[in-house]
Amino acid sequence: MLMAHPAVLHALVENYEALAAVGATEADSAQVRQRMDDIAYTLCVSTGTRDIDAALIAARHRLPGARPLDDSVLAGDVVPVPAQGSSAAAATSCPTSTEA
């Protein structure tokens, strides 16, 4: 698997967290919500994950300063992903690309 450069991952994580902090998912602007979805999708693709929480953990684990010998976060219990139709799935799963 190709690995994203740590600087790219760092910027993606910072952008996602900044938008999450201001409540971009509840924003009135479709453009702001789309930007957050785009960042989440890019994080998922860049880390080889299928939900944004796992993508953020994987990205942080690959950043400089992460403890490379500590994989305790990755060794935890696997949490099942809710079915696509549930509202919980929409909140945590990575958005799908709308471009062909």
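Start with helix α1, residues 6–21: at 1.5 Å a residue, its 16 residues should span 22 Å, and its end C-alpha atoms are indeed 22 Å apart. (The expected span is 1.5 Å times one less than the number of residues in the helix.) This is a predicted model, where local features need pLDDT of at least 70, side-chain atom pairs count only at pLDDT 80 or more, and totals for chains, interfaces and linings use all residues. Residues are numbered from 1 along each chain as its sequence is written, and side-chain values use heavy atoms, with hydrogens and water left out.

**The overall picture**

- The protein has 4 helices and 0 strands, where helices (H or I, at least four residues) and strands (E, at least two) are DSSP runs numbered from the N terminus.
- Read from the N terminus on, the elements go α-α-α-α.
- Of the 100 residues in the protein, 24% are buried; buried means under 20% relative accessible area, exposed means over 50%, and partly exposed is in between (1.4 Å probe, protein chains only).
- Take the contacts (heavy atoms within 4.5 Å) between residues at least 6 apart in sequence: 53% of them join residues at least 24 apart.
- About 7000 Å² of the protein is exposed, with carbon and sulfur atoms supplying 57% of it; such areas come from the Shrake-Rupley method with a 1.4 Å probe, and for residues only the protein chains shown count as cover.

**Helix α1 and its buried face**

- Leu-9, Leu-12, Val-13, Tyr-16 and Leu-19 are the buried residues of α1.
- Looking down the axis of α1, you'd find these buried residues within an arc of 135 degrees, so they line one face of the helix; the arc is that of the directions from the helix axis to the C-beta atoms.
- An α-helix has 3.6 residues a turn, so residues three or four places apart point the same way.
- Their cover includes α2 (30–47) and α3 (52–62).
- Just after α1 comes Gly-23, with a positive phi of about 75 degrees.

**A closer look at Leu-9**

- Leu-9 sits in helix α1, and it counts as buried because its relative accessibility is 1%.
- Not counting residues up to four places away in sequence, Leu-9 touches Ala-4, Leu-43, Ser-46, Thr-47, Ala-59, Arg-62 and Leu-63.
- Leu-9 and Arg-60 are 51 residues apart along the chain, yet their C-alpha atoms are separated by 7.9 Å.

**Helix α2**

- The 18 residues of α2 should span 26 Å at 1.5 Å a residue, and its end C-alpha atoms agree, being 26 Å apart.
- Buried in α2 are Met-36, Ile-39, Ala-40, Leu-43, Cys-44, Ser-46 and Thr-47, and the buried residues of α2 pack against α1 and α3.
- Gly-48, just after α2, has a positive phi of about 70 degrees.

**The core**

- The largest nonpolar core has 16 residues, and Tyr-16, Ile-39, Leu-43, Ile-52 and Leu-56 have the most contacts inside it. (A nonpolar core is a set of buried Ala, Val, Leu, Ile, Met, Phe, Trp, Tyr and Cys residues joined through side-chain atoms within 4.5 Å.)
- Helices α1, α2 and α3 each supply at least two residues of this core.
- Leu-56 touches Val-13, Tyr-16 and Leu-43, leaving aside residues up to four places away in sequence.

**The salt bridge**

- The structure holds 1 salt bridge, meaning a side-chain nitrogen of Lys or Arg within 4 Å of a carboxyl oxygen of Asp or Glu.
- Arg-60 forms a salt bridge with Glu-17, with the closest N and O atoms 2.2 Å apart.
- This pair links distant parts of the chain, as Arg-60 is in helix α3 and Glu-17 is in helix α1, 43 residues apart.
- Arg-60 counts as partly exposed because its relative accessibility is 38%, and Glu-17 is partly exposed too, with a relative accessible area of 34%.
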